[in-house]
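Hi,

Here is the structure I promised to pass on. Have a look at it first, and then read my notes below.

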Amino acid sequence: MDFFERSSSWNYGAMKNFHRISEPVKRHVRQVYWTVAMALIVSAVGVYAHMLLNIGGLLTTFGFLGCSFALMNTSSSYAAQGKRWNWLMAAAFCEGASLGNFVGAVIEFDPSILVTAFVATVAVFASFSGAALLAKRREFMFLGGILASATSSMLTLHVLSSFFGGAALMFEVELYGGLLLVVGYVIFDTQLIIERAERGDMDHIKHALDLFVDFVGIFVRVLYILTRKAAERESREKRRNRQRHSSRY
């Protein structure tokens, strides 16, 4: 199939056609996305709680890690689903509270940036996760090794930069390279969820945690990039205005 034949098959009907995925897996994927949406709502509540009570910080960061660890180590039996759901929502709340300072600063600077970043994140997440759903089974599973190697390399470079300098350059690599990595993980995790579900692993809570972490990773980076661009644009405008004002005298 050449490029034009492949492109012509991508229509609305094709987007609704998940014939490669069995019906039970379709229901599982819908349940995973719904659970991710609920976790994002609870995370937003965590952000708001921090803005009211100033609860975010190192404690909530460890709280997220602790709740995630508890979720992963709690039995996935039907009887334990309520407990695992609570662990997931607690982790989402802690993650939101941990981001409260950053989100609050962006809101004070320009609230529209927050909306733009969220919409952009939803678009990116939906596009790449949807692409993984529409692709052939295991087509992107090879990304796992590449992503793990890239993550390991980035961590190594981060450590080296702290000893040999280049921290500013490393920050840019982590920002933009990290964004590409997280987008890659969205594709990989989506196909991994499908593959596990096809083999009988219907743990929608654990799978939702994976995609929730991916979504937040994209959102934080997009929000920072947009805020920095807006701050640089405002700084240039102020500089121009000062130059115009000084030229008059």
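**What I found**

Ser68 counts as buried because its relative accessibility is 12%, where buried means under 20% relative accessible area, exposed over 50% and partly exposed in between (1.4 Å probe, protein chains only). Before going on: this is a predicted model, where local features need pLDDT of at least 70 and side-chain atom pairs count only at pLDDT 80 or more, while totals for chains, interfaces and linings use all residues. Residues are numbered from 1 along each chain as its sequence is written, and side-chain values use heavy atoms, with hydrogens and water left out.

Back to Ser68, which is found in helix α4 (helices are DSSP runs of H or I, at least four residues, numbered from the N terminus). The side chain of Ser68 reaches the backbone oxygen of Phe64 at 2.8 Å. Leaving aside neighbours within four places in sequence, Ser68 is in contact (heavy atoms within 4.5 Å) with Ala91 and Leu209.

Leu209 turns up again for Leu88: with the same kind of neighbours left out, Leu88 is in contact with Leu209, Thr35, Leu71, Ile205 and Ala208.

Now the largest nonpolar core (buried Ala, Val, Leu, Ile, Met, Phe, Trp, Tyr and Cys residues joined through side-chain atoms within 4.5 Å). It has 38 residues, and Leu88 is among those with the most contacts inside it, including also Val32 and Phe212. Which element gives the most to this core? That is α10, with 13 residues.

Cheers

Definitions and conventions:
Helices (H or I, at least four residues) and strands (E, at least two) are DSSP runs, numbered from the N terminus. A polar contact is a pair of N or O atoms within 3.5 Å; within protein, one must be able to donate a hydrogen and the other to accept it, and residues adjacent in sequence count only if both atoms are side-chain atoms.
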